[in-house]
Structure formats: structure tokens, C-alpha cells
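Q: Hi! Could you walk me through this structure before I head back to the bench?
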Amino acid sequence: MSLFSKFRNNLKKTSDILSSNILNSFQNKKVDDQTMEELESVLISADISLDVVDKLINSIRKIKSTDENIKNLIMETLAKEIETILKPKEKKLFEQNEIENKILIFVGVNGSGKTTTIGKIANQIGNEKKILIAGCDTFRAAAIEQLQNWAEKNKNDFYSGNPSQDPASVAYQAAEKFSKENYNYLLIDTAGRLSNNTNLINQLVKLKNVVNKMLSDVIIETVLVLDGTNGSNMIKQAEIFGKELDVSSIIITKLDGTAKGGALISIANKYEIPISYIGLGEKVEDLVDFNSRNFSRSILNFDN
Ligand SMILES: Nc1nc2c(ncn2[C@@H]2O[C@H](COP(=O)(O)OP(=O)(O)O)[C@@H](O)[C@H]2O)c(=O)[nH]1
Ligand SMILES: [Mg+2]
């Protein structure tokens, strides 16, 4: 299956709603106030934020045509406009021929897909690189086990401390092992729930500082994993995590399971932070590089 087909098939929940409703808005084949109102509510229903909707509507208003081809023109204009918003946010988390070693710290609320995403990314990095996976979600034994299963499947080394050991101290020990034993990548899984958000963020800041202090010359990426089924609520999480943790990359998971995929555009429009991957399913191959062209065309079911 081509990558475009994968985007197309797995973003179907969003595109089913968007494409047919957009086309329905243009039954009378005219760009007038009524169709613009209808279009606006269709775009909002896919969790595209108002500022982005305004941008899109403004670009559609410029279309003068009333001919048969207008529906195609509308889709093409929307696809281009969305691609323009998304394009600057494309950024890979690692390159296949990268020579620098890297530490990736994955953060995000419980259930957002951190552990699964780490397994998928380790698989993509591949066995030519030496990868250490560290389980710092020490509050739940099941979380450690889930991560360890991924590590075993991928044949990656795995490090976890003792049950309920302080997460920052596990990260410290893992960073030490990473450095001494010359690993290329250290992937750190973290907890997503504590008694409250402030405690969680403080703990993550501590974990990051400890690693940073020990290995100040190694690149550290903080990767925020967001659950795409949360739609526009992702913005709140991006705010909470982004502010204190200097997030360098966003991954949006579960876009196969939601009709609110438009929220990705809202995030891209609002934040400078790049988007490295999107999750399109539970299987190991279902994490794909974020691609603005594939995404914009797939959610509109448009591929001319
Ligand atoms: N459909 C779908 N499910 C996903 C995706 N990513 C993760 N999941 C599922 O979401 C659930 C929570 O994932 P997990 O990695 O445990 O989240 P964590 O609490 O952040 O570590 C699991 O059942 C995963 O299989 C995705 O892209 N699509
Ligand atoms: Mg987890």
C-alpha cells in the first residue's frame, strides 16, 4: 500500500464527514453567504479552530467560478491552504543516516499513546542502531511490562529501576548506561498521571534536568504525545506540557479513530512546535512520518 493510501484509508473517519459535507454545502454551485456559512459549520465540526476556518473561508471567497468545476476548485483550494499551514511543521525526529546520538523523552497524559509510540519508533530506527529503552513510568507495574514487551519484540535493550523508584533517578541511571555503553538512542517513557498536573510537570522537569545535567552535550528532544481523539482538547494539553517542558516535537496518535482530525491543523497553526509523526492505528507499522500534502488531501478525500 502506498503511503498516500495509508493516510487516505486511516483518516477516513475525518474525511467521510468533511468531504461529503463540504460538497453538500455547494449544491447550488455558488460561493455566497449561505454556502460560506454552511462550509464554516462543516469545518468547525471537524474541530478546525475558528482562526483557521476564517483563513480557509477567505481563500474560498476568492473563487469566482460558477461552472461545473467549482466543487473541484473548492477542494483544491482548501487542500492547498491547509497544506500551506501544515508544511512548515513537518520535521523528522531522526534521520536514517544520522550520526549524532540522541535522547528522546516522551511526555503526555495517560493513554495518549506514549508507550506504544516508543515501541513503533524504536522499530523504525531499526537494529543497526543501538537503542536503550527506559521505563520511567514507575508508578504502574503494567506500564513497565508493556514497554518491556515492545523492547523484547524489537530486540532493544531495556532499563527500568525498582518499582516505585523516583522516575528521575531511573532516568539518571539509564542516561549513565546510555553514555557508558555507547548507545545511539535513549528512549525514555514517562508517567502521564500524578495527583495533579503541577506535580506531574514538576516531576518531568526534574527528570529532564537530571538527564540534561549529566549529558549536556547530547541532543535531548522532548516529544509530546497527544491523543487525536481528544480533538481541540489537545490544545489545552499542548499548553500545559509546552510551557514548562520546552517541547521540541509533537506526535498525534489515534487519528484513525476520530472524525476530529481537523484539530491537528489547529495545533499546527497555533504553535511553532513541529509535528514529527501521526498515529494511524495500533500496529507497529501504523506510525507514519507527518506529511502535510498527504494529510491535507486525505482528510478532504481529494487527490487530483
Ligand atoms: N487506534 C489507535 N490506537 C492507538 C494508537 N496509538 C496508541 N493506541 C492505543 O492507545 C492505547 C493507549 O496507549 P499507550 O501507549 O498505553 O498510552 P500511554 O498511557 O500514553 O503510554 C493502547 O491501547 C494503544 O494500542 C493509534 O495511533 N491508533
Ligand atoms: Mg504508558
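Below we chat about the ligand surroundings and two helix pairs.

A: Happy to! This is a predicted model, where local features need pLDDT of at least 70, side-chain atom pairs count only at pLDDT 80 or more, and totals for chains, interfaces and linings use all residues. Residues are numbered from 1 along each chain as its sequence is written, while chains are lettered from A and ligands numbered from 1 in the order in which they are written.

Q: Cool. Which residues come nearest to ligand 1?
A: Gly113, Lys114, Thr115, Thr116 and Gly279, out of 19 residues around it. Being near means a C-beta atom, placed from the backbone, within 6 Å.

Q: And which helix gives the largest share of that shell?
A: Helix α6 (residues 114–125), with three residues. Helices are DSSP runs of H or I, at least four residues, numbered from the N terminus.

Q: Switching topic: at what angle do α2 and α3 cross?
A: Roughly 170°, and the axes of α2 (residues 12–25) and α3 (residues 33–45) come within 9 Å. Axes are lines fitted to C-alpha atoms over the stretch in contact, with angles from 0 to 180 degrees between N-to-C directions. The two helices are therefore roughly antiparallel, a label for angles over 145 degrees.

Q: Which residues of α2 make the contact?
A: Ile17, Leu18, Asn21, Ile22 and Ser25, facing Thr35, Glu38, Leu39, Val42 and Ser45 of α3. Contact means C-beta atoms, placed from the backbone, within 7 Å.

Q: What about α10 and α11, how do their axes cross?
A: At roughly 35°, coming within 10 Å. Met234, Ile235 and Ala238 of α10 meet Ala263, Ser266, Ile267 and Lys270 of α11.

Definitions and conventions: Contact = placed C-beta atoms within 7 Å. Parallel < 35°, antiparallel > 145°, perpendicular 65-115°, else oblique.
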